Amino acid sequence: MKIKEWCTLQGVRAEIKNIHWLTKKELAYNSMIVLVFCFLFGVYFYGSDAIIAIILKALGMN
């Protein structure tokens, strides 16, 4: 589809028909994946910060 055709109301409607909307099950699954990764990254960064703090304290730089 050309840009000129896409900028019309018919073009927009045609593009909307091509959208794949998630089902409730897919949305719940994808949301759970995002929350799990956010939690894991939070634990990772918290742990990394704690280890760096321990190392700096042991070196007397804190």
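## Phenylalanine 45 and its surroundings

In this predicted model, phenylalanine 45 counts as exposed, because its relative accessibility is 53% and the exposed class begins over 50%. The residue belongs to helix 3, which covers residues 24–58.

Phe45 also contributes to a nonpolar patch on the surface. The other members of this patch are Tyr29, Ile33, Phe37, Phe41 and Tyr44, and the patch has an area of about 710 Å².

## Elements and overall form

The protein chain contains three helices and zero strands. Read from the N terminus, its elements follow the order α-α-α. The radius of gyration of the chain is 24 Å, whereas the globule rule gives 11 Å for 62 residues; the chain is therefore more spread out than a compact globule.

A box drawn along the principal axes to hold the C-alpha atoms of the protein chain would be roughly 70 × 30 × 15 Å.

## Burial, surface and charge

Of the 62 residues in the protein chain, 2% count as buried. The chain exposes about 6200 Å², and 72% of that area is supplied by carbon and sulfur atoms.

With regard to charge, the protein chain carries 7 positive and 4 negative side chains. The centres of these two sets are 7 Å apart.

## Isoleucine 55 in helix 3

Isoleucine 55 is another residue for which a position and an accessibility are available; it lies in helix 3. Its relative accessibility is 46%, and it counts as partly exposed because this value falls between the limits of 20% and 50%.

How far apart in space are isoleucine 55 and serine 31, C-alpha to C-alpha? The distance is 36 Å, for a separation of 24 residues in sequence.

## Threonine 8 in the loop

Threonine 8 is found in the loop that lies between helix 1 (3–6) and helix 2 (9–17). At 33% relative accessibility, threonine 8 counts as partly exposed.

The position of threonine 8 can also be related to tyrosine 44, with the two positions 36 residues apart along the chain and 48 Å between their C-alpha atoms. Tyr44 is one of the residues that make the nonpolar surface patch, to which Phe45 belongs as well.

Note on methods: Residues numbered from 1 in each chain as written. Predicted model: local features only at pLDDT ≥ 70, side-chain atom pairs only at ≥ 80, totals over all residues. Heavy atoms only, no water. Helix = DSSP H or I, 4+ residues; strand = E, 2+ residues; numbered from the N terminus. Rg over C-alpha atoms; globule rule 2.2 N^0.38 Å. Buried < 20%, exposed > 50% of the residue type's maximum accessible area, 1.4 Å probe, protein only. Areas by Shrake-Rupley, 256 points an atom, 1.4 Å probe, with all protein chains shown as cover. Lys, Arg positive; Asp, Glu negative; His and termini not counted. Charge placed at Lys NZ, Arg CZ, Asp CG, Glu CD. Patch = residues over 30% accessible without salt bridge, like charges linked within 9 Å, V, L, I, M, F, W, Y side chains within 5 Å. Salt bridge = Lys/Arg side-chain N within 4 Å of Asp/Glu carboxyl O.
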